[in-house]
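Open the model in your viewer and turn on a cartoon, with side chains ready to switch on as needed. We'll go from the whole chain to single residues, one selection at a time.

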Amino acid sequence: MKKKAGAVIILCSFTVICFSWILWIVFGKFTDRENHEKRLLAEPPKFTIENYEIYADNWNSYIDDNMPFRNELVNTYSTIDYYVFKRSIDSNVIIGKQGWLFYFNNEDGYSKDDYLGENLFTDEDLKNIVENCTAFQETLEKQGREFVLFIAPNKERIYSEYMPDKYGKPATMYRTLQVVQYLRKNTDIKVVYPYEELMQAKEKLSEDLYYKTDTHWNQIGGYIGACALLKELGINMPDINGKGMEIKETGLLEGDLADMLGRDDKNLDYLVEGYERHSVDNLQWDFKTIIQYQSNGLDARKLFVIRDSFCSNMAEYIGSQFLSAYMIHNLKYSYDDLIVHNPDIVVYETVERYLSGLKNFQWNMKK
């Protein structure tokens with residue numbers, strides 16, 4: 001009896017697998033085939049003498065990554081986990097309250113430990129950061145350039161009320177606060193950390209400053225951050241609630257955290273208008289490499305930003321105020337780029353969770 005039951009199960013499984021492939025051939029072109037996993041999916045393996053021992057495993061990986069209706073199945077599983085069990089299928093994504101998602105991956109920055117205050121810098125760490133930043137500042141000053149450090153707060157720092165109760169309130173002493181206080185006490189480096197500005201705007205505005213299902217701030221948060229940076233550089237932008245200012249809804253944007261869960265939850269996207277744009281032109285836009293503007297700017301200085309992804313939603317607000325603005329991702333930066341573009345101001349922008357990069361950032365790296 002058991003043998004017959006086992007045979008039936010095997011036969012049914014085989015039939016379902018074969019039938020799903022037939023349906024895929026007919027209807028697959030109408031389904032979601034996008035790669036949502038931020039990794040390369042397995043390719044069909046080729047048999048060689050060197051890989052014969054793992055050839056079968058490679059085929060399993062290929063079938064797992066390319067099975068029919070995979071994204072639909074993942075989305076269904078994620079939806080059940082999300083709504084029924086309040087659980088995340090990705091350990092790096094925390095499901096918060098009222099649909100908010102948070103990124104807690106300590107292998108990609110230290111957002112979890114930052115929030116809990118469990119990764120405080122040692123005195124030696126702080127000294128290394130000061131030495132590295134000071135060396136960069138001194139080199140730039142000898143060249144007649146100005147240096148500014150800009151730190152964007154983590155999302156959960158601003159919206160801690162939507163974090164799951166088990167994490168408690170954010171720590172009152174944390175890495176970013178250590179660095180800001182230490183640099184301001186021991187150096188004359190200009191440090192911009194717009195935490196207070198964001199919290200004040202959050203109280204006044206009905207719109208969110210960060211995307212609910214994405215790690216980043218939106219254009220509103222980006223405007224608040226840009227205003228704080230520009231103020232440090234001597235440029236006063238209009239208050240977001242000021243006369244003539246307007247926040248426009250521009251559509252929906254899929255969040256990277258929702259994407260990691262195999263979901264398509266969208267966020268309202270915005271644009272802040274009403275400030276003087278000085279006939280700004282966007283010369284280049286690549287999220288992963290270079291963002292570049294030129295304008296009939298209020299300020300004749302040339303700006304150079306070494307950045308991460310948070311700069312993207314600040315970019316036009318900043319770029320519109322200078323004669324030229326060149327913003328390069330820190331993974332693509334080289335000292336040669338800085339010399340070629342010959343800026344008056346150099347900004348190093350980093351989100352809070354990547355702050356440890358200040359200890360060993362190679363500002364004088366050559367191509």
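Start with contacts across the whole chain: among those between residues at least 6 apart in sequence, 69% join residues at least 24 apart. Keep in mind that this is a predicted model. Colour by secondary structure and you'll find 12 helices and 11 strands. Colour by accessibility instead, and 47% of the 367 residues count as buried.

**Stop one: helix H5**

Select residues 123-142, which make up helix H5. Put a distance between its end C-alpha atoms and you should get 28 Å. That agrees with expectation, because 20 residues at 1.5 Å a residue should span 28 Å.

Now show the side chains. Which residues of H5 are buried? They are Asp125, Leu126, Ile129, Val130, Asn132, Cys133, Thr134, Phe136, Gln137 and Leu140. As you look down the helix, recall that an α-helix has 3.6 residues a turn, so residues three or four places apart point the same way.

What do those buried residues pack against? Bring up strand S3, helix H7 (175-186), strand S9, helix H12 and strand S11, and you have their packing partners. Before you leave, step past the end of the helix to Gly144, which follows H5 and has a positive phi, near 80°.

**Stop two: a salt-bridge network**

Stay with S3 and S9, and select Glu146 and Arg301. Their side chains form a salt bridge, with N to O at 3.3 Å. This pair ties together distant parts of the chain: Glu146 belongs to strand S3 (residues 146-152) and Arg301 to strand S9 (residues 299-307), 155 residues apart.

Keep Arg301 on screen and add Asp299. These two also make a salt bridge, and here the closest N and O atoms are 2.7 Å apart. Is each partner buried or exposed? Asp299 is buried, because its relative accessibility of 12% falls under the 20% cut-off. Arg301, with a relative accessible area of 22%, is partly exposed.

Now jump to Asp336 and Lys366, another salt bridge, with its closest N and O atoms 3.8 Å apart. Asp336 lies in helix H12 (residues 335-341), while Lys366 is in the segment after strand S11 (345-351), and the two are 30 residues apart. Asp336 is partly exposed at 28%, whereas Lys366 is exposed at 53%.

For the wider picture, go back to Arg301 and add Lys190 to your selection. Salt bridges with shared partners join Glu146, Lys190, Asp299 and Arg301 into one network. Across the model, the salt-bridge count is 11.

**Stop three: two crossing helices**

Select residues 195-204 for helix H8 and residues 219-232 for helix H9. They pack with their axes 9 Å apart, at an angle of about 135°. That angle makes H8 and H9 oblique to each other, and their crossing is right-handed.

To see where they meet, show Glu197, Leu198 and Ala201 on the H8 side, then Gly221, Ile224 and Ala228 on the H9 side.

**Stop four: Leu268**

Next, centre on Leu268, in strand S6 (residues 266-273). Leu268 is partly exposed, at 38% relative accessibility. Which residues does Leu268 touch, leaving out those up to four places away in sequence? Select Tyr211, Glu249, Gly251 and Leu252 to see these contacts. Then add Glu254, which is 14 residues from Leu268 along the chain; the C-alpha atoms of the two are separated by 9.0 Å.

**Last stop: two positive phi values**

Most residues other than glycine have a negative phi. With that in mind, pick Gln98, a non-glycine residue with a positive phi of about 55°. Gln98 sits in the loop between strand S1 (93-95) and strand S2 (101-103), and at a relative accessible area of 61% it is exposed.

Then select Asn342, another non-glycine residue, with a positive phi of about 50°. Asn342 is in the loop between H12 and S11. Its relative accessible area is 44%, so Asn342 is partly exposed.

Definitions and conventions:
Residues numbered from 1 in each chain as written. Predicted model: local features only at pLDDT ≥ 70, side-chain atom pairs only at ≥ 80, totals over all residues. Heavy atoms only, no water. Salt bridge = Lys/Arg side-chain N within 4 Å of Asp/Glu carboxyl O. Helix = DSSP H or I, 4+ residues; strand = E, 2+ residues; numbered from the N terminus. Buried < 20%, exposed > 50% of the residue type's maximum accessible area, 1.4 Å probe, protein only. Expected span 1.5 Å × (residues − 1). Contact = heavy atoms within 4.5 Å. Axes fitted to C-alpha atoms, helices over the stretch in contact; angles between N-to-C directions. Parallel < 35°, antiparallel > 145°, perpendicular 65-115°, else oblique. Left-handed = near helix turned anticlockwise from the far one by under 90°.
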